[in-house]
Amino acid sequence: MLSLEIRAEYPNERTARAVMDALAPENEGYVSSSLEGSAIVFRMESASAGTLRNTADDLMACIKAAEDSIGASGNSIIG
């Protein structure tokens, strides 16, 4: 099993929570997320590298859409 963790940091906890809440319906069953102060930590697992990559690509697109929808575009630092 392969796993991946992506951490997205925001200027404040309110922005991080808004992005995480916006992504919750999309991520259910595929990506788990937790709030750590002003950062969201996303965790995902897959049996294949290709599926894990597709999940991560989809997550990144959804993060961008969520940030755009709340006016936080460009505020995250993904690591």
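This report walks through the fold, the helix pair, the nonpolar core and a few single residues of a predicted model.

**Layout of the chain**

Let's start with the overall layout. The chain holds two helices and four strands, and reading from the N terminus the elements come in the order β-α-β-β-α-β. Of the 79 residues in the chain, 33% are buried. The contacts reach a long way along the sequence: take those between residues at least 6 apart, and 64% of them join residues at least 24 apart.

**The two helices**

Now for the helix pair. Two packed helices are described by the angle between their axes and the distance between the axes. Here, helix 1 covers residues 13–27 and helix 2 covers residues 49–70. Their axes come within 9 Å and cross at roughly 130°. Angles over 145 degrees would count as roughly antiparallel and 65 to 115 as roughly perpendicular, so helix 1 and helix 2 end up oblique to each other. As for handedness, helix 1 passes helix 2 in a right-handed crossing.

Which residues in helix 1 and helix 2 meet? On the helix 1 side you'll find Thr15, Ala18, Val19, Ala22, Leu23, Glu26 and Asn27. Facing them from helix 2 are Asp58, Leu59, Cys62, Ile63, Ala66, Glu67 and Ile70. Sorted by class, this contact of helix 1 with helix 2 has nine nonpolar, two polar and three charged residues.

**The nonpolar core**

Next, the core. The largest nonpolar core has 17 residues, and the members touching the most other members are Tyr10, Leu23, Ile40, Phe42, Met44 and Leu59. At least two residues of this core come from each of strand 1 (2–9), helix 1, strand 3 (39–46) and helix 2. Helix 2 gives the largest share, with six residues.

Leu23 is a good place to zoom in, since it turns up both in the helix contact and among the core members just named. Leaving aside residues up to four places away in sequence, Leu23 touches Phe42, Leu59, Cys62, Ile63 and Ala66. Of these, Leu59, Cys62, Ile63 and Ala66 are on the helix 2 side of the helix contact, while Phe42 is another of the core members named above.

**A few single residues**

Is Thr55 buried or exposed? Thr55, which lies in helix 2, has a relative accessible area of 19%. Buried means under 20%, so Thr55 counts as buried. Apart from residues up to four places away in sequence, Thr55 touches Tyr30, Val31 and Met44.

Asp58 is also found in helix 2, and with a relative accessible area of 37% it is partly exposed. Asp58 belongs to the helix 2 side of the helix contact, and Asn27 to the helix 1 side.

Over in strand 1 sit Glu5 and Glu9. Glu5 is partly exposed, at a relative accessible area of 47%. Glu9 is partly exposed as well, at 37%.

What about Gly29? Gly29 is in the loop between helix 1 and strand 2 (32–36). Its relative accessible area is 78%, and exposed means over 50%, so Gly29 counts as exposed.

These residues also give some handy pairs for relating sequence to space. The table sets out their separations, C-alpha to C-alpha.

| Pair | Apart in sequence | C-alpha separation |
|---|---|---|
| Glu5 and Val31 | 26 residues | 9.6 Å |
| Glu9 and Leu35 | 26 residues | 9.8 Å |
| Gly29 and Met44 | 15 residues | 9.5 Å |
| Asp58 and Asn27 | 31 residues | 9.5 Å |

Some names in the table link back to earlier sections. Val31 and Met44 are both touched by Thr55, and Met44 is one of the core members listed earlier.

Technical notes. Residues are numbered from 1 along each chain as its sequence is written. This is a predicted model: local features need pLDDT of at least 70, side-chain atom pairs count only at pLDDT 80 or more; totals for chains, interfaces and linings use all residues. Side-chain values use heavy atoms; hydrogens and water are left out. Axes are lines fitted to C-alpha atoms, for helices over the stretch in contact, and angles run from 0 to 180 degrees between N-to-C directions. Angles under 35 degrees count as roughly parallel, over 145 as roughly antiparallel, 65 to 115 as roughly perpendicular and the rest as oblique. A crossing is left-handed if the near helix is turned anticlockwise from the far one by less than a right angle, and right-handed if clockwise. Contact means heavy atoms within 4.5 Å. Ala, Val, Leu, Ile, Met, Phe, Trp, Tyr, Cys and Pro count as nonpolar, Asp, Glu, Lys and Arg as charged, and the others, Gly among them, as polar. A nonpolar core is a set of buried Ala, Val, Leu, Ile, Met, Phe, Trp, Tyr and Cys residues joined through side-chain atoms within 4.5 Å. Buried means under 20% relative accessible area, exposed over 50%, partly exposed in between (1.4 Å probe, protein chains only).
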